[in-house]
Amino acid sequence: MFGIGGGELIFIIFIALMLFGTDKLPEAVRTFAKVMANLKNATNEIKSEIQKGVDTNGIDLSMKQITSTFTDEVDKVKETLTPTTMDLGENVMKDATESVSKMKTDLEDLTGPIKRQL
């Protein structure tokens with residue numbers, strides 16, 4: 001229940017008893033339950049009003065339509081970026097290979113005289 005363990009629940013009940021006392025605790029729980037019920041009713045009313053507004057204005061966009069449009073746009077962007085990023089990756093790999101080769105030859109040039117002396 002809400003990620004609360006048994007020990008934590010007992011602790012919360014103990015604190016509630018200390019704050020409200022045994023005579024006022026049932027009244028506090030009833031008040032809390034009424035507030036939660038009113039909140040749920042208010043959210044349901046808001047949802048129904050939004051739905052009525054959508055129906056009367058002729059707006060008929062379902063979540064599937066919205067998500068499919070979004071997915072199509074993302075796919076288009078992927079298609080345009082894929083060749084560019086592949087070329088970029090190849091260029092980076094080519095540059096890295098050339099740099100490593102150059103460093104290797106430079107290192108061999110520097111260590112050559114040292115090896116001859118040993």
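This briefing covers the fold elements, surface, largest pocket and salt bridge of one protein. The model is predicted. The protein has two helices and zero strands. Of its 118 residues, 3% are buried.

**Helices and exposure**
- Helix α1 spans residues 6-57.
- Leucine 17 sits in helix α1.
- The relative accessible area of leucine 17 is 34%, so this residue is partly exposed.
- The protein exposes about 11000 Å².
- Carbon and sulfur atoms supply 66% of that exposed area.

**Nonpolar surface patch**
- A nonpolar patch on the surface has about 1000 Å² of accessible area.
- Its members include Ile4, Leu9, Phe11, Ile12 and Ile13.
- Phe14, Ile15, Leu17, Met18, Leu19 and Phe20 also belong to the patch.
- Leu17 can join such a patch because its relative accessible area of 34% passes the cut-off of over 30%.

**Largest pocket**
- The largest pocket holds about 330 Å³ of space.
- Eleven residues line the largest pocket.
- Ile12, Ile13, Ala16, Val29 and Phe32 lie nearest the pocket centre.
- The lining is made of eleven nonpolar residues, with no polar and no charged ones.
- Ile12 and Ile13 appear both in the pocket lining and in the nonpolar surface patch.

**Salt bridge**
- Side chains of opposite charge can pair when their charged atoms come close.
- The protein has one salt bridge.
- That salt bridge joins the side chains of glutamate 49 and lysine 52, at 3.9 Å from N to O.
- Glutamate 49 and lysine 52 are three residues apart in helix α1, so about one helical turn separates them.

Notes
Residues numbered from 1 in each chain as written. Predicted model: local features only at pLDDT ≥ 70, side-chain atom pairs only at ≥ 80, totals over all residues. Heavy atoms only, no water. 1 Å grid on protein atoms, 1.4 Å probe; cavity = no way out; pocket = protein on both sides within 12 Å on 5 of 7 lines; lining within 4 Å. Points joined across faces, edges and corners; volume = space filled by probe spheres on them. Nonpolar A, V, L, I, M, F, W, Y, C, P; charged D, E, K, R; others polar. Patch = residues over 30% accessible without salt bridge, like charges linked within 9 Å, V, L, I, M, F, W, Y side chains within 5 Å. Areas by Shrake-Rupley, 256 points an atom, 1.4 Å probe, with all protein chains shown as cover. Salt bridge = Lys/Arg side-chain N within 4 Å of Asp/Glu carboxyl O. Helix = DSSP H or I, 4+ residues; strand = E, 2+ residues; numbered from the N terminus. Buried < 20%, exposed > 50% of the residue type's maximum accessible area, 1.4 Å probe, protein only.
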